[in-house]
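Reader: Hi! Could you walk me through this one? I have some informal questions.
Author: Happy to, go ahead.

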Amino acid sequence: MSLLALTYRFARNTGTGVSRHSSTFKRAYLDKFDKPLTIQEVKGDKLKSGEARIKVHCCSINPTDVLLTQGVNPAKFSIPVVPGYEFTGIVTEVKECKDIAKGDRVVALSKDKLGGFAGECILDEKDIWLLPSNVPFDEGAALVDSFGTAMLGLSHRAKLKEKQIVLATFAPVHGYAALDVAANVFKAKVIAVCMNERDTENLRERGAWSTLSYSEKKNVRGS
């Protein structure tokens with residue numbers, strides 16, 4: 001499956017090799033709203049117990065990041081701040097971590113302190129997950145927020161059961177994630193609603209049981 005995602009790349013080398021930790025790294029930080037991000041070189045902090053240092057390979061540019069640069073800041077992050085909360089990379093150093101080790105390919109979610117628009121980022125291991133070897137770094141950087149949201153909504157909120165019917169309105173990428181999780185994990189019957197009939201074929205290929213186009217205002221497939 002190919003996910004559409006805008007990614008911010010700092011590292012030129014996107015291979016799987018691990019280099020020795022450098023004393024400095026570059027990051028892009030926001031110090032004024034509606035102004036370009038500033039690139040600066042900074043020294044890395046020391047790890048605390050339970051933390052891992054990640055060499056960032058790809059970081060998604062999410063709506064929250066864009067709104068933050070425009071001054072829409074509901075989470076009240078103080079500036080200067082380094083945007084980016086969903087990213088992938090290689091673990092280069094750990095301190096007393098149980099499930100994460102040096103050299104692991106990982107995906108991370110840093111919604112509390114952001115920091116993904118950088119050459120490296122330090123996170124608690126509870127916010128880090130292993131990234132399968134067959135998932136590219138750029139696609140992995142768009143997985144956690146969208147699929148985590150879909151899983152939370154369908155499993156914990158809706159308490160979805162097998163063969164139940166789900167109505168999913170489509171706002172990529174979360175809409176595709178909801179369809180994938182509902183149809184392929186829960187084996188539910190998904191009615192997918194999209195803007196035009198052109199998109200309905202793609203949704204059916206992804207597992208939609210029925211599709212509905214806003215433009216046509218009619219059911220274009222059902223079983």
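Reader: Is Lys163 buried or exposed, and why?
Author: Lys163 counts as exposed because its relative accessible area is 61%, and the cut-off for exposed is over 50%. Keep in mind that this is a predicted model.

Reader: Thanks. Where does Lys163 lie, and what is its phi?
Author: Lys163 is in the loop between H3 and E9. Its phi is positive, about 70°, although Lys163 is not a glycine.

Reader: What is the usual sign of phi?
Author: Most residues other than glycine have a negative phi. Another positive one here is Lys159, which follows H3 and has a phi near 50°. Glu96 also has a positive phi, of about 55°, and is not a glycine either.

Reader: Where is Glu96, and is it buried or exposed?
Author: Glu96 sits in the loop between E5 and E6. With a relative accessible area of 59%, Glu96 is exposed.

Reader: Back to the loop between H3 and E9: what does Lys161 touch there, beyond its sequence neighbours?
Author: Once neighbours within four places in sequence are set aside, Lys161 is in contact with Phe186 and Ala188. Ala188 is 27 residues from Lys161 along the chain, yet their C-alpha atoms are 7.1 Å apart. Lys161 still counts as exposed, because its relative accessibility is 53%.

Reader: And H3 itself, which of its residues are buried?
Author: H3 covers residues 144-157, and its buried residues are Val144, Asp145, Ser146, Phe147, Ala150 and Leu154.

Reader: What covers them?
Author: The cover includes strands E5 (86-95), E6 (105-109), E8 (128-130) and E9 (165-169). Helices H2 (137-140) and H4 (174-185) are also part of that cover.

Reader: Nice. Changing topic: how much space is in the largest pocket?
Author: The largest pocket holds about 450 Å³ of space. Its lining has 21 residues, and those nearest the centre are Phe25, Arg27, Asp45, Gly115 and Cys121.

Reader: Which strands supply at least two residues each to that lining?
Author: Strands E2 (24-29), E3 (38-43) and E7 (120-124) each do.

Reader: How do the lining residues divide by chemistry?
Author: There are 10 nonpolar, eight charged and three polar residues in the lining of the largest pocket.

Reader: Let's talk cysteines. How many disulfides does the structure hold?
Author: The structure holds zero disulfides. Take Cys58: the nearest cysteine sulfur is that of Cys59, 8.9 Å away, so Cys58 falls outside the cut-off of within 2.5 Å for a disulfide.

Reader: Are Cys58 and Cys97 buried or exposed?
Author: Cys58 is buried, at 1% relative accessibility. Cys97 is buried as well, with a relative accessible area of 18%, since the cut-off for buried is under 20%.

Reader: One for my setup notes: which peptide bond is cis, the one from Ile79 to what?
Author: The bond from Ile79 to Pro80 is cis, with omega near 10°. Pro80 is in the loop between helix H1 (63-69) and E5.

Reader: Last one, the overall picture. How many helices and strands are there, and what share of residues is buried?
Author: The protein has five helices and 12 strands. Of its 223 residues, 44% are buried. The accessible surface comes to about 12,600 Å², with 52% of that belonging to carbon and sulfur atoms. As for contacts between residues at least 6 apart in sequence, 65% join residues at least 24 apart.

How values were computed. Residues are numbered from 1 along each chain as its sequence is written. This is a predicted model: local features need pLDDT of at least 70, side-chain atom pairs count only at pLDDT 80 or more; totals for chains, interfaces and linings use all residues. Side-chain values use heavy atoms; hydrogens and water are left out. On a 1 Å grid over the protein atoms alone, a cavity is a set of points where a 1.4 Å probe fits but cannot get out, and a pocket is an open set with protein on both sides within 12 Å along at least five of seven lines; lining residues have an atom within 4 Å of a point. Grid points are joined across faces, edges and corners, and a volume is the space filled by probe spheres set on the points. Helices (H or I, at least four residues) and strands (E, at least two) are DSSP runs, numbered from the N terminus. Ala, Val, Leu, Ile, Met, Phe, Trp, Tyr, Cys and Pro count as nonpolar, Asp, Glu, Lys and Arg as charged, and the others, Gly among them, as polar. Buried means under 20% relative accessible area, exposed over 50%, partly exposed in between (1.4 Å probe, protein chains only). Contact means heavy atoms within 4.5 Å. Accessible areas come from the Shrake-Rupley method with a 1.4 Å probe; for residues, only the protein chains shown count as cover.
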